[in-house]
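Biologist: I'm new to this one and would love a close look at a single part, rather than a quick tour. Could you choose a place to begin and walk me through it step by step?

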Amino acid sequence: YQRRVRGSELQQQRKMAFYRTVKCEFGEEEYLKLQARSARVNIAKLRSSSHDLLLERGRYSTDRYNTALKACRFCCTADRDIIIAFEQLPFFEEPVIETEEHSLTECIGYHNIRSKLSDNLKSLLMLKEYGLIMNSPHLPEFGKFLTDSFNIRNPNRKRT
């Protein structure tokens with residue numbers, strides 16, 4: 001009964017949307033066996049949505065429904081005031097939100113490091129097969145990609 005209740009609670013939480021794509025079954029997680037601490041830390045942050053993507057940071061801001069606060073820092077203008085002003089126009093399209101999926105598969109800010117990934121890992125990312133990545137031999141490479149992307153987002157921050 002508890003598993004079913006927890007499962008249905010998980011389905012209802014928007015914060016856990018990405019986690020549901022990663023976690024398919026109960027058991028020990030392969031990423032915990034990785035030697036590189038930074039890879040383990042960054043995979044854990046991504047899985048639990050405790051990362052620094054603007055989707056997550058915007059979730060806890062005073063104006064959490066303001067999409068301008070969650071707009072991708074690489075794909076949209078850096079001036080949040082411009083986005084807020086454009087939102088008032090009738091032809092305005094929503095800005096690209098900096099989500100886990102966007103940063104892994106589409107964001108131009110990570111294009112260079114994404115292009116260096118193995119073809120198999122790139123394919124799994126583009127197919128959004130995150131659960132398969134978590135149980136594949138590409139896990140160390142994926143962890144390094146996450147660490148490199150963290151360092152691009154936060155060039156002056158302490159490396160994890």
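Modeller: Happy to! Let's begin at R73, a residue that counts as partly exposed, with a relative accessibility of 22%. Keep in mind as we go that this is a predicted model. The side chain of R73 meets that of E98 in a salt bridge, with 2.9 Å from N to O. R73 sits in the loop between helix 4 (54-59) and helix 5 (80-86), while E98 belongs to the loop between helix 5 and helix 6 (100-105), so this pair ties together parts that are 25 residues apart in sequence. E98 has a relative accessibility of 0%, so it counts as buried, whereas R73 is partly exposed.

It helps to put that pair into its setting. The protein chain has 160 residues, and 38% of them are buried. There are 10 helices and zero strands, so to speak an α-α-α-α-α-α-α-α-α-α run from the N terminus on. If you take the contacts between residues at least 6 apart in sequence, 57% join residues at least 24 apart. The accessible surface of the chain comes to about 10,000 Å², and 52% of this belongs to carbon and sulfur atoms.

From there, let's go to the nonpolar interior. In soluble globular proteins, nonpolar side chains tend to be buried together. Here the largest nonpolar core has 21 residues, and I43, L104, L125, F142 and F145 touch the most other members. Two or more residues each come from helix 3 (37-48), helix 8 (119-126), helix 9 (130-133) and helix 10 (139-153). Helix 10 gives the most, with four residues.

Helix 10 therefore deserves a slower look, as the element that gives the most to this core. It has 15 residues and reaches 21 Å from its first C-alpha to its last, close to the 21 Å expected at 1.5 Å a residue. Its buried residues are L139, F142, G143, F145, L146, T147, S149, F150, N151 and R153. What covers them includes helix 3, helix 6, helix 7 (111-115), helix 8 and helix 9.

Now zoom in on one of those buried residues, F142. Setting aside its neighbours within four places in sequence, F142 is in contact with I43, L46, L104, L121, L125, I133 and M134. Three of the names in that list, I43, L104 and L125, are ones you met a moment ago among the residues that touch the most other core members.

Helix 10 also carries a salt bridge, in which K144 pairs with D148 and the closest N and O atoms are 2.9 Å apart. The two residues are four apart in helix 10, which means that about one helical turn separates them. An α-helix has 3.6 residues a turn, so residues three or four places apart point the same way. K144 is exposed at 52% relative accessibility, and D148 is partly exposed at 24%.

Helix 8 is one of the elements that cover the buried residues of helix 10, and it makes a good next stop. L121, L124 and L125 are buried in helix 8. Looking down the axis of helix 8, you find these buried residues within an arc of 100°, so they line one face of the helix. They pack against helix 6, helix 9 and helix 10. On the other side of helix 8, D119 and N120 are exposed. Two of the buried leucines, L121 and L125, are in contact with F142.

Just after helix 8 comes a small surprise at K128, in the loop between helix 8 and helix 9. Most residues other than glycine have a negative phi. K128 has a positive phi of about 60°, and it is a residue other than glycine. Its relative accessibility is 32%, so it counts as partly exposed.

To close the circle, let's return to salt bridges, of which the structure holds four. Besides the R73 and E98 pair and the K144 and D148 pair, K33 forms a salt bridge with E30, the closest N and O atoms being 3.3 Å apart. Both partners here are partly exposed, K33 with a relative accessible area of 49% and E30 with 34%. Compare that with E98, where we started, which is buried at 0%.

Technical notes. Residues numbered from 1 in each chain as written. Predicted model: local features only at pLDDT ≥ 70, side-chain atom pairs only at ≥ 80, totals over all residues. Heavy atoms only, no water. Core = buried A, V, L, I, M, F, W, Y, C linked by side-chain atoms within 4.5 Å. Buried < 20%, exposed > 50% of the residue type's maximum accessible area, 1.4 Å probe, protein only. Contact = heavy atoms within 4.5 Å. Areas by Shrake-Rupley, 256 points an atom, 1.4 Å probe, with all protein chains shown as cover. Arc of directions from axis to C-beta. Expected span 1.5 Å × (residues − 1).
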